[in-house]
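Trainee: I'm new to this structure and would like a close look at one part of it. Could you walk me through a single strand and the things around it?

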Amino acid sequence: MRRIFLSLLFVLFSSNLNNAWSADEKNTQKQMLSVSRQQLQDVVSESGFFNESPAVFHPQCNNQRLHEKVLARIAQYYKENPESSIVEQRKQALMLKSLKNFVPVDIESFPPKESYAVADRLIDIKINDGVKAKDMSLCKSEGKREIYLLIYPHNNLYKVEIINFPGQPISKDFTTVYD
């Protein structure tokens with residue numbers, strides 16, 4: 001009973017205290033609240049909580065981890081699509097062996113005649129995804145079959161498209177993630 005009486009007394013006292021404030025004090029508090037909200041909005045909009053740059057460093061063409069990710073994706077493709085012919089299996093093994101080195105290619109001066117598939121993807125990513133050329137990199141394999149790796153930021157990571165790979169006409173479906 002005593003607790004109920006004390007809580008009732010507290011409620012009455014706090015409501016009387018709120019009524020006792022003058023209109024000037026209430027206006028001052030509203031102004032201070034408005035200023036505080038504006039400052040908070042400025043901080044959020046200026047620095048933001050979302051960073052547009054990926055959480056990892058942009059991989060270079062000679063990055064060992066990048067090679068491992070690409071080879072793992074190719075091995076997964078070969079596992080999902082096994083070849084019955086021994087000749088085709090040998091071609092696959094030679095393909096994996098020849099994908100040891102990738103050299104950088106300048107995106108700005110890339111001639112479309114060299115690979116229309118690469119040129120189309122570069123234009124597609126620039127226009128549809130809004131990725132700038134300075135944020136992308138292109139790597140080309142050294143070997144008979146020219147396989148390209150197109151690396152660009154996507155969802156706070158780097159997406160790596162494997163372009164011009166045999167049996168994969170749509171490169172945006174044949175990707176791996178560099179994280």
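Mentor: Let's start with a word we'll need: a residue is called buried when its relative accessible area is under 20%. With that in hand, take strand E3, residues 148-154, where five of the seven residues are buried, so by that cut-off the strand is mostly covered. Keep in mind that this is a predicted model.

Before zooming in, here's the setting. The protein chain has five helices and five strands. Read from the N terminus, the order is α-α-α-α-β-α-β-β-β-β. The chain has 179 residues, and 28% of them count as buried. Taking contacts between residues at least 6 apart in sequence, 52% join residues at least 24 apart.

Now, who are the partners of E3? On one side, E3 runs antiparallel to E2, and four bridges join the two. E2 and E3 make a hairpin, with six residues between them. One bridge is handy to look for: Leu 149 in E3 is the partner of Cys 139.

Cys 139 takes us off to another part of the chain. It forms a disulfide with Cys 61, with the sulfurs 1.9 Å apart. Cys 139 belongs to strand E2 (residues 137-141), while Cys 61 is in the loop between helix H2 (23-47) and helix H3 (64-80), so to speak a link between distant parts of the chain, 78 residues apart. The count for this structure is one disulfide. The torsion about its S-S bond is about -85°, so the disulfide is left-handed. Both ends are covered: Cys 61 is buried at 7% relative accessible area, and Cys 139 is buried at 0%.

Back to E3, and over to E4 (residues 157-163). These two strands also run antiparallel, and seven bridges join them. Try finding Tyr 152, which stands opposite Lys 159 in E4. The hairpin of E3 and E4 has two residues between the strands, and Asn 155 in this hairpin takes a positive phi near 55°. Asn 156 lies in the loop between E3 and E4 too. Its phi is positive as well, about 65°, although Asn 156 is not a glycine. Why point that out? Most residues other than glycine have a negative phi. As for exposure, Asn 156 is partly exposed, at 35% relative accessibility.

Follow the chain past E4 and you meet another such residue. Asn 164 sits in the loop between E4 and E5. Asn 164 has a positive phi of about 75° and isn't a glycine either. With a relative accessible area of 28%, Asn 164 counts as partly exposed.

So what is E3 packed with? Look at the largest nonpolar core, which has 19 residues; those touching the most other members are Leu 66, Val 70, Ile 74, Leu 149, Val 160, Ile 162 and Phe 165. You've already met Leu 149, the bridge partner of Cys 139. The elements giving two or more residues to this core are H3, E3 and E4. H3 gives the largest share, five residues.

Ile 162 is a good spot to click on. Leaving out residues up to four places away in sequence, Ile 162 touches Val 70, Arg 73, Ile 74, Ile 147, Tyr 148, Leu 149, Ser 171 and Phe 174. There's a second core as well, separate and made of 15 residues, and it includes Phe 110, Ala 133, Met 136 and Leu 138.

Last stop: the aromatic rings. The whole structure has six aromatic pairs. In one of them, Tyr 77 and Phe 165 have ring centres 5.8 Å apart and planes at 85°, so the pair is edge-to-face. This pair also links distant parts of the chain: Tyr 77 is in helix H3, and Phe 165 is in the loop between E4 and strand E5 (175-178), 88 residues away. Tyr 77 and Phe 165 are both buried. Together with Tyr 78 and Phe 174, Tyr 77 and Phe 165 form one aromatic cluster. Phe 174 should ring a bell, since Ile 162 touches it. One more ring to find is that of Tyr 178: the charged end of Arg 65 sits over it, 4.9 Å from its centre.

To retrace the route, begin at E3, cross the four bridges to E2, then come back and cross the seven bridges to E4.

Conventions
Residues are numbered from 1 along each chain as its sequence is written. This is a predicted model: local features need pLDDT of at least 70, side-chain atom pairs count only at pLDDT 80 or more; totals for chains, interfaces and linings use all residues. Side-chain values use heavy atoms; hydrogens and water are left out. A disulfide is a pair of cysteine sulfur atoms within 2.5 Å. Buried means under 20% relative accessible area, exposed over 50%, partly exposed in between (1.4 Å probe, protein chains only). Two strands pair if DSSP finds at least two bridges between them. Rings of Phe, Tyr and Trp (its six-membered ring) pair if their centres lie within 6.5 Å; planes under 30 degrees apart count as stacked, over 60 as edge-to-face and the rest as tilted. A charge sits over a ring if NZ of Lys or CZ of Arg is within 6 Å of the ring centre and within 35 degrees of the ring normal. A nonpolar core is a set of buried Ala, Val, Leu, Ile, Met, Phe, Trp, Tyr and Cys residues joined through side-chain atoms within 4.5 Å. Contact means heavy atoms within 4.5 Å.
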